[in-house]
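Trainee: Can you walk me through this fold? I'd like to go over it one piece at a time.

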Amino acid sequence: MKDEQPDIILLRDERVPESLADEFVTIIGVEGLNVKTHSRHPVAWASLELLVPTAVVVLICKPYFEGFLQEAGKEHYQALKKGVAFLGRSILGQFRRIGPQGAEVGHSRYSFDLSLVAPGHGEQRFKLLIQNSMVEADLKLVVGLFLEFVEAYWARSLSTCMTEQLSNVTHAGSNTVLLAYDFEARELVVIDPLPAKVRCRLKP
């Protein structure tokens, strides 16, 4: 395998079996695709809930869009959708966030188990939040939309609506922009990392 920067990295905490990461690599693996897996010890995070790393993070690196897809084509999107759907079937609803005192925190609308991350300009990153209620078809749909979003972002061809959302994004001390699928609008939308009650208190 090539020694360049990976195209895709799977990060998992040690509560997630290594066999799951191996199966993911098998599902998405094709000639020329550089996939790496890394494990980390689960730790407590003193951060806004939606910004905390999930138990499994699929990091889609810039070379995937700039290099690999130029050679392999978008057909690989289908394999990546299948791989993420496998992860969702395997772990959604199984893990909870580790709070500041080391105790597990209760469930949320968005999964503590799985997320996708892709790079933006500079230090900016985009994180796709996965709703706990999603089934396999939902996962495949939202992964496809996220990949299309990142591709359009780097091609400077985002929709006017999304461009406006990104221009008004709230960073809350982080370089991560949160995205999630809106089932009513049937599209990705930017998510405020601050809870609504906190946001209201901050208004002048």
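**Strands, sheet and a helix**

Mentor: Sure, let's begin with one strand pair: strand 1 (residues 8–13) and strand 2 run parallel, joined by six bridges. Keep in mind that this is a predicted model.

Trainee: Which residue in strand 2 stands opposite arginine 12?

Mentor: Strand 1 covers residues 8–13 and is bridged to strand 2, so to speak our starting pair. Across from arginine 12, in strand 2, you'll find serine 39.

Trainee: In what order do the seven strands form the open sheet?

Mentor: The pairing in this sheet is mixed. In general, strands of a sheet pair through backbone hydrogen bonds, either parallel or antiparallel. Here the seven strands line up as 2-1-3-4-5-6-7.

Trainee: And which are the edge strands?

Mentor: Look for strands that pair on one side only. Going by the order, the list runs from strand 2 to strand 7. The edges are strand 2 (35–40) and strand 7 (187–191).

Trainee: How much are neighbouring strands of this sheet turned against each other on average?

Mentor: Direction is ignored for this one. The average turn between neighbours in the sheet is 25°.

Trainee: What angle does the direction of helix 5 make with that of strand 7?

Mentor: Helix 5 (residues 160–167) packs on the sheet, where it touches strand 5 (125–131), strand 6 (176–182) and strand 7. Its direction and that of strand 7 make an angle of about 15°.

Trainee: Last one: what share of the 204 residues counts as buried?

Mentor: Buried here means under 20% relative accessible area. By that cut-off, the share of the protein's 204 residues is 45%.

Note on methods
Residues are numbered from 1 along each chain as its sequence is written. This is a predicted model: local features need pLDDT of at least 70, side-chain atom pairs count only at pLDDT 80 or more; totals for chains, interfaces and linings use all residues. Side-chain values use heavy atoms; hydrogens and water are left out. Buried means under 20% relative accessible area, exposed over 50%, partly exposed in between (1.4 Å probe, protein chains only). Two strands pair if DSSP finds at least two bridges between them. Helices (H or I, at least four residues) and strands (E, at least two) are DSSP runs, numbered from the N terminus. Axes are lines fitted to C-alpha atoms, for helices over the stretch in contact, and angles run from 0 to 180 degrees between N-to-C directions. Contact means heavy atoms within 4.5 Å.
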